[in-house]
Amino acid sequence: MVPDIPTFAVDNGFSYRVPPALLDQVMVGSVVRVPLAGRRVRGYVVGLKTEDEASGARKLREVRSVSSTVPVFTEAMLPSLRWAAAHYVAPLAGVLAKSAPPNLPKQPVPRQLPSIPPAGSPITRVAGSAQSEDPGIVQLLAGGGWGELIRRCVTGPLRAGRSALVVAPTAVEAARLADRLEGDLGRRVVRAADQDNAALTAAWSRAATQGGLVVVGTLRVIWWPVKDLSMICLVEEGRRGMKERQTPTVAAGTVARMRSPTEGLRLVLIGRAPTVDTLHEDAVIERIRGRLWARVELVDRTEDPPGGGLVAERVRVAIASTIRRDGRVFVFTHRRGYAPASRCVSCRSLRSCPACGSRPGHRDTCPRCEAVLGPCPSCGGNRFEPLGAAVGRITETLRRLVGDGVGSVGSDRAVMVGTERDLVEVPPVDLAVVVDADGLVRGTNYRSTEEALAVLARTASTLRRNGRCRMMLQTADTRHPVYEALQLGDPIPFLRDELVARWRFSLPPCGEVMVVEVEGTEEAAVLDAAFAGADVYGPARDSGRTRWIVQGRELREQKQRLRAATGRLRDQGCKVRIDVDPREF
């Protein structure tokens, strides 16, 4: 039994004797109450032995009670849960707790399930190998209609009495998919997003105890012990909403890839572009007929005269023309959370750190390795400007052009200004404008180009589906491979080149990276022994925290040592945050 205590010290668990009265209730995954260190604590059963197999069993303390008759994880899930605890350098108890609902589950009354109406033609690559021993991974590339694709994917498992799990990046998108599926499947659809704890626990209990369901939710459901699970569908797995921000910084795609082979599950990925991780695994890719996104037109900002402002003249003309036709315009700017790249005011060269090559923004020292940056190496200039602009500044600029017809996403204005978080709410528009795509593409994160392609493709997908609509993308680097991929409407060649670059520099998925932050100590060498054998950038200090970036082809040994070191630091009152495979530095 592993006590529900968030510390590495109890990872190996403790043995207890199950009294005869509870024998029928205790199983792997059960939540029990046991005595520990003079008090009664909750814990998770991770294994069972007979008295003949366990030496000294009669001398063990007894389990006091069983908190729930419904196990919160299955024995088949345990290898994935243990692997996640090791991979993300997290206490096992914290990972096991993620598979449980907010409240203690109860055994619900099974519901009568409706019949399954005929669906469209099955997707060949999904249905054709469903009976193979190794289910593998299938990537479906489609510009839209994802609800219908999922409907066609899950029909086979449902007809066989099996279940499917659908994970979306946001609660809004999960609700839309659930609405679409409920139209055909009715009570077979279990909603698991944007609910209070009681409703979420009820959804968990139903999914864990009745087969033949489709569970639709956000990242949290990737851990659920869905009964008779046969398939996991991930929608746009590379999105930021598919990765936890808090420790353990779990990614839905990583967990799904671990559960798929160990539990014999089909993994289906749906989106406009695959991730580099998917290409690395040589997954089966099937492109659904139709364009992945609308037409993209590049606007070269180097052709503008000095002082041309945020919006190029060509874009201003296009916005005014769209409004005269009673069309709608969406103007996109990258959100504040992206790494702030900057460029020289004189020669427009992108600024980079001479020591580690990262994009340091407007600071005088590199936030990654603390090297002194100095003047522009191309022209010697000392003035730098950030790439991109905030929503407020863009809104004021556009108001001088179109008056009061500018507002936020969700308003009834002809011109809407928003960021990535607004994309899910943008209605179909006639013109999309990206003010400064270079701010996305030139981030400090090694994933910045891959993420930029995905975000810009989503922006292009806000356009109405007709030949007249277009996205205008402003850039000072028209030959960048990301923009070429957007114009071609094909992400695969660019992402394959990106995979080669990742291999060369031992970056995920061809290597490992983690960010470690410690607050509460000024001792820079506190983790040197744990990091031995890896490439280490730092320590860098900021706002009372000491930060390291650790990189290598494989970091398994470093993670094992880091577990012990982290435990000691936390016992001393320090705060430690570990971000494995970080989305931003």
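Which residue in β10 stands opposite Q139? In this predicted model, the residue of β10 that faces Q139 is L269, and the pairing to which these two residues belong joins β5 and strand β10 (residues 266–271) in the parallel sense over five bridges. A further pairing, also in the parallel sense, links β5 with strand β11 (residues 284–287) over four bridges, and here Q139 stands opposite I285. Q139 thus has an opposite residue in β10, namely L269, and another in β11, namely I285.

The surroundings of β5 can be described residue by residue. In a regular strand, side chains alternate between the two faces of the sheet. In β5, I137, Q139 and L141 point one way, whereas V138 and L140 point the other way, and all of them are buried. Because five of the five residues of strand β5 (residues 137–141) are buried, the strand is largely enclosed by the rest of the structure.

Attention then turns to M231, which is found in strand β9 (residues 229–235). The relative accessibility of M231 is 3%, and since buried residues are those under 20%, M231 counts as buried. When its neighbours within four places in sequence are left aside, M231 is in contact with V126, C153, V154, P157, S163, A164, L165, R266 and V268; of these partners, R266 and V268 carry numbers that fall within the range of β10, residues 266–271. With respect to R563, M231 lies 332 residues away in sequence, and the C-alpha to C-alpha separation of M231 and R563 in space is 33 Å.

How values were computed. Residues are numbered from 1 along each chain as its sequence is written. This is a predicted model: local features need pLDDT of at least 70, side-chain atom pairs count only at pLDDT 80 or more; totals for chains, interfaces and linings use all residues. Side-chain values use heavy atoms; hydrogens and water are left out. Buried means under 20% relative accessible area, exposed over 50%, partly exposed in between (1.4 Å probe, protein chains only). Two strands pair if DSSP finds at least two bridges between them. Contact means heavy atoms within 4.5 Å.
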